[in-house]
Amino acid sequence: MTTIRSDGENTVSPPDQDHPDDVVRLYGTTPRGRDDLWGRLRERHGPIAPVELEPGVRAWLLLDYQENLTALQQTHLFSRDTRRWREAVEGRVDLAKTLPMMSWLPSALFADGEEHARLRAPIMDGVARIDMTAMARTVRGIADELVDTFVTRGETDLVAEFAGPLPVLVINRLFGLPDGYGHMLGDLTATVFGENAARAEEALERMQQYFAGLVARKAENPGHDLATWMLRHSSELSPSEVAYTAALIISAGHIPTTHLIGNTMRTLLTDDRIRSTHTDALLSTQDLLDHVMWTDTPFQVLAGRIALQDMRIGGARIRTGDALFVGIDAAHRDPAVRGHSDPDTGLASGRRAHLVFGAGPHSCPARSLGRLIASTGVSVLQERLSGLRLAVPPEELRLVSSPFLRGLRELPVAFRPGRTHDPLPPQERQMEQVPALAEEEEPPEDLLGRLLSWWRGLHR
Ligand code: HEM
């Protein structure tokens, strides 16, 4: 049994009696030290390894770059519809109760073919309507406001106070709501993806109420925002489909962007060569993000594709209905695509595109927005926090406990206390940014307003 431990070490122990096959557990632990782990798996199994999602629930993990790319692109061979998963079809797994990554929801993420195109079109068209220049100013404005909350203290946890809230506050503005709703939503998504299963279930229910409330409010009072555009889109999504789509946008957009910012800041704070190449302007912020996405990817494993026919991959016999996981981090370490790091700069030198935004029909529709949020966030931190340094030894930084995501639980830093930012005059802000709406003293008595009142009550 290959055991992936969460203490920074991976041990590959010989097969034991309970697990006669060499199977990697994808639950309860966090893969680290992966060069070694993926390399050993590749050596032992070739391009694909057997994994266990839950005790007794089997799937496959793709290791090689080309096989991962094929699973993402070849939709006649691999489905995204988890209802086709044999474990579910034969009743061994209840999709409503399994890992969120393997559950099924009526959204673009779990659809194939024409149905996928119908559900994805409003997202693509909505994202295309975003004025990226105005959005850049919005992101900067929100980032500055977040820095203002801790800049005078000289210390902070960059995950809790910056990388966590920034993406969700930005996406919340796309829905045309005051920031208070964004803070509530950030809290809910962090709990849904958190480690406490009971709290996650409750938060998921609240999130569903949240998006139903959002759509009901926008149907009643349309605005210039993503939810209104999706309601009016020619794909004619039902209000419930718009609510699931809005929930998908938040769940797909928030946490990966948080981890991209956190992992990039960790790289800058711990890797002298990368930091100096960047501060000497030899490495742009976008190239820095790509380096981090190759080497410290915010998504290390992507949830399931379902085999649509029997096939062989390497030495493995895949049966129709088997679940396959996309091993992004393993693919990035495939010797066939990844040259050695540049000896002068230490930069990753992949000869192919990294897979962090996926590939094929489900590839991230908002990668430019994700990049914009991350690059602006990183730049604002560098500009505003002088003498920025880690407040703990690097080996004390802990990763979130997830086989899918790779990011920091916290990033404690210290810096020279600075001044809060002079905001733009209000008229200028209105012209140049997606406007911040005034906070409601008394939220309206609709479902969304009642949820906000409930959440404020918890945080008083
Ligand atoms: C650095 C940040 C981000 C990363 C690394 C990322 C990565 C990804 C990946 C890998 C997929 C493909 C999932 C799959 O094939 O199973 C995806 C899909 C998606 N992403 Fe992103 N994403 C990021 C930011 C965002 C943002 C900011 C948004 C929205 C505002 C967003 C919205 C979506 C949506 C809606 C999908 C589903 C598309 C579909 O199934 O057709 N993402 N993302």
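**Around the ligand, and two helix pairs**

Helix α11 gives the largest share of the shell around the ligand, 7 residues. Helices here are DSSP runs of H or I with at least four residues, strands are runs of E with at least two, and both are numbered from the N terminus. The model is predicted: local features need pLDDT of at least 70, side-chain atom pairs count only at pLDDT 80 or more, and totals for chains, interfaces and linings use all residues. Residues are numbered from 1 along each chain as its sequence is written, and side-chain values use heavy atoms, with hydrogens and water left out.

Start at the ligand. It is surrounded by 25 residues. A residue is near the ligand if one of its heavy atoms lies within 4 Å of it. The closest are His116, Arg120, Arg305, His362 and Cys364. Now look at the ligand's oxygen atoms. One is 2.7 Å from an N or O atom in the side chain of His116. For the side chain of Arg120, the distance from a ligand oxygen to an N or O atom is 2.7 Å. For the side chain of His362, it is 2.7 Å.

Where does the shell come from? At least two residues each come from α4 (113-128), α11 (239-270) and β8 (302-307). By class, the shell has 17 nonpolar, 5 polar and 3 charged residues. Ala, Val, Leu, Ile, Met, Phe, Trp, Tyr, Cys and Pro count as nonpolar; Asp, Glu, Lys and Arg count as charged; the others, Gly among them, are polar.

Next, see how α4 and α11 pack. Two packed helices are described by the angle between their axes and the distance between the axes. Axes are lines fitted to C-alpha atoms, for helices over the stretch in contact, and angles run from 0 to 180 degrees between N-to-C directions. For α4 and α11, the angle is about 70° and the axes are 10 Å apart. So α4 is roughly perpendicular to α11 (65 to 115 degrees). In α4, Glu115, Arg118, Leu119 and Ile123 meet Glu241, Thr245, Leu248 and Ile249 of α11, with contact meaning heavy atoms within 4.5 Å. This contact has 4 nonpolar, 1 polar and 3 charged residues.

Turn to a second pair. The axes of α5 (residues 132-148) and α15 (residues 367-384) come within 9 Å and cross at roughly 40°. That makes α5 oblique to α15 (not under 35, not over 145 and not 65 to 115 degrees). Their contact has 11 nonpolar, 3 polar and 5 charged residues.

Terms used: Polar contact = N/O pair within 3.5 Å; in protein donor to acceptor, adjacent residues only side chain to side chain.
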